[in-house]
Amino acid sequence: MISVQEADFNLNTQYQMLRAKDNTDGAIVTFIGLVRDFNQGHDVTGLFLEHYPAMTAKSLEKISDRAKERFKVNQLDIIHRVGQLALGDQIVYVGVSSPHREEAFACAQFVMDYLKKEAPFWKKETRKKQQQDVWIETNQKDKEALKKWQ
Amino acid sequence: MIKVLFFGRLRELLDCSQLEITDFEQGTIAQLRLELANKGTKWAEFIAGNNALAAINQEMVEETSMINSGDEVAFFPPVTGG
C-alpha cells in the first residue's frame with residue numbers, strides 16, 4: 001500500500017493491517033519520520049511539504065518494487081504526508097513484514113534512504129514571520145546514504 | 001509542444017510554476033536548459049546550471065535524455081522529503 005496524503009495516520013491501525021494479512025511473517029518493522037525543528041534562532045511554526053503530484057506515487061512505487069525485489073518481505077506499506085505540518089507531526093511511515101527481522105530492518109532502511117534521494121518532495125520551514133520561511137537543503141548524510149546499497 | 005513544470009525553491013526563484021513551449025519538436029534536457037536560459041538572467045542562473053534536477057514524464061533523467069513533443073518535463077531542486 002502506498003499513499004500520499006494530507007491526513008495524519010495512526011501507527012496502531014497500520015500495524016494491525018500488517019499483522020492481519022499473513023501468518024508466515026515473524027517480523028514487523030515500522031519507521032515514522034517526524035517534523036523536527038531545524039531552528040537557527042527563528043520562531044518555527046512547522047513545515048510545508050510541497051510535492052510533484054503526478055510523479056510522487058510513481059516514484060514511491062518504483063522504490064517499493066526495487067525493495068521487494070531485493071529483500072524477502074511479504075508486505076511493504078509507505079505513507080507520505082504533504083501540505084502544512086506542525087512541529088512534532090508525523091510525516092512519513094514505512095511498515096514492513098517479513099519472515100525474518102534482518103530483511104525487515106534492512107528493507108525499511110533501504111526505502112527511507114531512496115525516498116530521501118529520489119521521491120519528489122520539498123520541505124519549507126515555516127516561521128512566524130512568513131517572509132522568513134526557508135527551503136530546507138539536502139544534507140551530505142542523505143546524499144551518501146545510498147552508497148551502502150550499491 | 002511540451003509542458004515544463006517547476007517545483008520548490010526553483011518555482012519561487014523563477015516565479016513560474018509551469019509553461020508551455022509550443023514550437024518544441026525534439027531535443028535533450030541540456031538543449032532545453034539552454035533555451036530556457038534565454039528567458040533572462042534569473043533563468044540563466046537557475047536553469048542553465050546543474051543545480052536543478054530534471055524529469056521527463058515523471059521519471060528522473062540525465063542531461064542527454066531526449067524530450068519529444070507532448071512530453072511533460074519538470075525541473076526541481078534536490079529533494080528533501082522523508
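This section describes the interface between chain A and chain B, its salt bridges, and the two largest pockets of a predicted model.

In the predicted model, the two chains meet through 20 residues of chain B and 26 residues of chain A. Together they bury about 2,000 Å². Of this buried area, 55% lies on carbon and sulfur atoms. Polar interactions also span the boundary: 16 residue pairs, both members at pLDDT 80 or more, are in polar contact across the interface. On the side of chain B that touches chain A, two or more residues come from each of three elements, namely helix H1 (8-14), strand E5 (59-60) and strand E7 (72-76) of chain B. H1(B) provides the largest share of that side, with four residues. By class, the residues on this side of chain B comprise nine nonpolar, six polar and five charged.

Salt bridges were then considered, both in the whole structure and at the interface. A search over all chains finds 11 salt bridges, and four salt bridges are found across the interface of chain B and chain A. One pair joins the side chains of Glu12(B) and Lys124(A), with an N to O distance of 2.5 Å. A salt bridge also links Lys62(A) and Glu59(B), whose closest N and O atoms are 3.0 Å apart. This pair crosses between chains: Lys62(A) belongs to helix H2 (residues 53-70) of chain A, whereas Glu59(B) lies in strand E5 of chain B.

Empty space in the structure was examined next. Such space is revealed by rolling a probe the size of a water molecule over the atoms. The largest pocket holds about 540 Å³ of space. It is lined by 27 residues, of which Met112(A), Lys116(A), Lys141(A), Asp142(A) and Gly82(B) are the closest to its centre. Strand E2 (27-34), helix H3 (101-118) and helix H4 (140-144) of chain A each contribute at least two residues to the lining of the largest pocket. The largest share of this lining, six residues, is supplied by H3(A). In terms of class, the lining of the largest pocket consists of 13 nonpolar, seven polar and seven charged residues.

The second largest pocket encloses about 390 Å³ of space. Its lining has 17 residues, and those closest to the centre are Lys117(A), Leu53(B), Ala54(B), Met60(B) and Pro78(B). Two or more residues of this lining come from each of H3 and H4 of chain A and strand E4 (53-56) of chain B. H3(A) gives the largest share of the lining of the second largest pocket, three residues. The lining of the second largest pocket divides into seven nonpolar, two polar and eight charged residues. Helix H3(A) thus supplies the largest share of the lining in the largest pocket and likewise in the second largest pocket.

How values were computed. Residues numbered from 1 in each chain as written. Chains lettered and ligands numbered in written order. Predicted model: local features only at pLDDT ≥ 70, side-chain atom pairs only at ≥ 80, totals over all residues. Heavy atoms only, no water. Contact = heavy atoms within 4.5 Å. Buried area = accessible area lost by both parts, 1.4 Å probe. Polar contact = N/O pair within 3.5 Å; in protein donor to acceptor, adjacent residues only side chain to side chain. Nonpolar A, V, L, I, M, F, W, Y, C, P; charged D, E, K, R; others polar. 1 Å grid on protein atoms, 1.4 Å probe; cavity = no way out; pocket = protein on both sides within 12 Å on 5 of 7 lines; lining within 4 Å. Points joined across faces, edges and corners; volume = space filled by probe spheres on them.
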